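Please look through the sequence and the structure shown here, and then follow the explanation below, which takes the helices and the turns beside them one at a time.

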Amino acid sequence: MASHYEAPIRKPLVLGDKGYHDVTVDIAAPVEGRANKHWWIVFSIALAAFLWGVGCIIYTISTGIGTWGLNKTVNWAWDITNFVWWVGIGHAGTLISAVLLLFRQKWRMAINRSAEAMTIFSVIQAGLFPIIHMGRPWLAYCVLPIPNQFGSLWVNFNSPLLWDVFAISTYLSVSLVFWWTGLLPDFAMIRDRAVLPFQKKIYSLLSFGWTGRAKDWQRFEEVSLVLAGLATPLVLSVHTIVSFDFATSVIPGWHTTIFPPYFVAGAVFSGFAMVNTLLIIMRKVCSLEAYITVQHIELMNIVIMITGTIVGCAYITELFMAWYSGVEYEQYAFLNRATGPYWWAYWAMMSCNVFSPQFMWFKKLRTSIMFSFFISIIVNIGMWFERFVIIVTSLHRDYLPSSWSMFSPTYVDIGIFIGTVGFFFLLFLLYARTFPVIAQAEVKTILKSSGERYKKLREAGKPLYEISGTTAVKENIEEAQEDEEETVEDTTKSVSNLLDSLGTFDASKDTADDLKKVKGIGPQMEKTLNQIGIFTFAQVGRMTENEYNLLDSITKSFPGRAQRDDWAGQAKKLNNKQ
């Protein structure tokens, strides 16, 4: 949102010699250009996983829940584990967007859009599991408060599972509106750059008539702050309510008051790890290294380290309270987790969630892209094991040894989970090709305070502060002069190539036309064209895509305008009328 002056000692959040136009071009490139080889490879893998999951879901619904590995004792298992895991991943999007917006943290601006999209897509995956687990998903409307529509159906508001329905549907609705509101300026940017009429029409509808007036921005900021204020309590409430599914029971290992804060910290932990995974992939696939920097990854790793430590404290507190309670069933539940048949899952959880984030104390490791990517995946594996340990190890050994049982997932359980992972990445990859993955309008607000180019300019010109060392200033000035000479040389070459294609104007033989008759050419643009050497409709009429691109590189104003308005077609018609 609002930007302010930033001290030069802070690392820039936007790297490279980036101006406002550069930001627009870089962020619009994944949407406007063709998908590269890496995108197609990941897309194909995600599509294959998704189709396998769809097949498993169809088989489950047509055959029955008996296709899963559930049994009389462990009646919750793989499905609810996946449900809680996906809800947890969906937490970080709202946290980054809403909480960091309220605290005016500028580093959120390069990552909030991907985080918000991650929230929407992960909550969609989470919602699939309870619906399938019903056994008759076509009767899912029974959990909604519609008593007079389909007979006397009164919802049981005492059921924690019903609390999930309201909490998650509210969370999804607010997150969706918050995400869409932030996209409006970016939709308008794509609309204004669109060449195809159909594409222009679609993005015009998506942008809701955004014009960029001061009034638009005022309302945008007001609505964003209101939605952030509404969404912030949801960060705490949604996973708190999910934890009530367990904490309100009397099953040993579940009946504890630490679950709400413990679940919220774990959700933020896993959510930030998934955001890190996605950001590291997107910065490479979409060539966004200048905007998603090592500093962003480092700050994310610090949050992962802190929340991982909180989760570790929660684990220790659980063990202490089980011992302190004196209840033998409670004590045995935790002893069984660590030493029972599922010991491997418990120690995988501890290794991934407690020990692995502690490597982030070392700056060299938390600023390593590959190591951060590895740890983010390890954390999400560990958080999945945490939900598995909580659910399965607490259920498989009941109060009566005669009802003890083991749970083993079937290929259908595994297939549905892999299908949701594929569906998640499928949605995210399609989103990255359709919507800007970075909030370009918000990045531009911090460009003059946090952009590397502007920091260098301030150091060279000393407009805002004094610098003790003059050597650095001289070097920056010399570099700027060299860059300017190279730019002039490149522009001269581009003008020569353009005129070779369009033809030159001979003032002694040819008559200059009024180029302002072409829609999109005003007095200033006509003056610019004349300076280049373009005076006639005949010259403009010879323009093709190559000439349009050359013209954009020379003028550096209103990129794509000439092609969108079809200057060549207009000029040909005007030339024929003469």
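In this predicted model, a good place to begin is helix α10, residues 294-325, whose 32 residues should span 46 Å at 1.5 Å a residue, and because its end C-alpha atoms are 46 Å apart, the expectation and the model agree. Just after α10 comes G326, which takes a positive phi of about 75 degrees.

Helix α8, which covers residues 214-247, can be read in a similar way: it has 34 residues and reaches 49 Å from its first C-alpha to its last, close to the 50 Å expected at 1.5 Å a residue. Along its course, however, α8 bends by about 30 degrees at L234.

The next step is to see how α8 sits against another helix. Two packed helices are described by the angle between their axes and the distance between the axes. For helix α6, residues 160-193, and α8, the angle is about 155 degrees and the axes are 9 Å apart; since an angle over 145 degrees counts as roughly antiparallel, α6 and α8 are therefore roughly antiparallel to each other. The crossing in which α6 passes α8 is left-handed, and the residues of the contact between α6 and α8 divide into 21 nonpolar, four polar and two charged.

Last comes the loop between α7 (197-206) and α8, where F208 is found. The phi of F208 is near 55 degrees, a positive value in a residue other than glycine. Is F208 buried or exposed? Its relative accessibility is 61%, and because exposed means over 50%, F208 counts as exposed.

Conventions
Residues numbered from 1 in each chain as written. Predicted model: local features only at pLDDT ≥ 70, side-chain atom pairs only at ≥ 80, totals over all residues. Heavy atoms only, no water. Helix = DSSP H or I, 4+ residues; strand = E, 2+ residues; numbered from the N terminus. Expected span 1.5 Å × (residues − 1). Bend = angle between axes of the 7 residues up to and from the residue. Axes fitted to C-alpha atoms, helices over the stretch in contact; angles between N-to-C directions. Parallel < 35°, antiparallel > 145°, perpendicular 65-115°, else oblique. Left-handed = near helix turned anticlockwise from the far one by under 90°. Nonpolar A, V, L, I, M, F, W, Y, C, P; charged D, E, K, R; others polar. Buried < 20%, exposed > 50% of the residue type's maximum accessible area, 1.4 Å probe, protein only.
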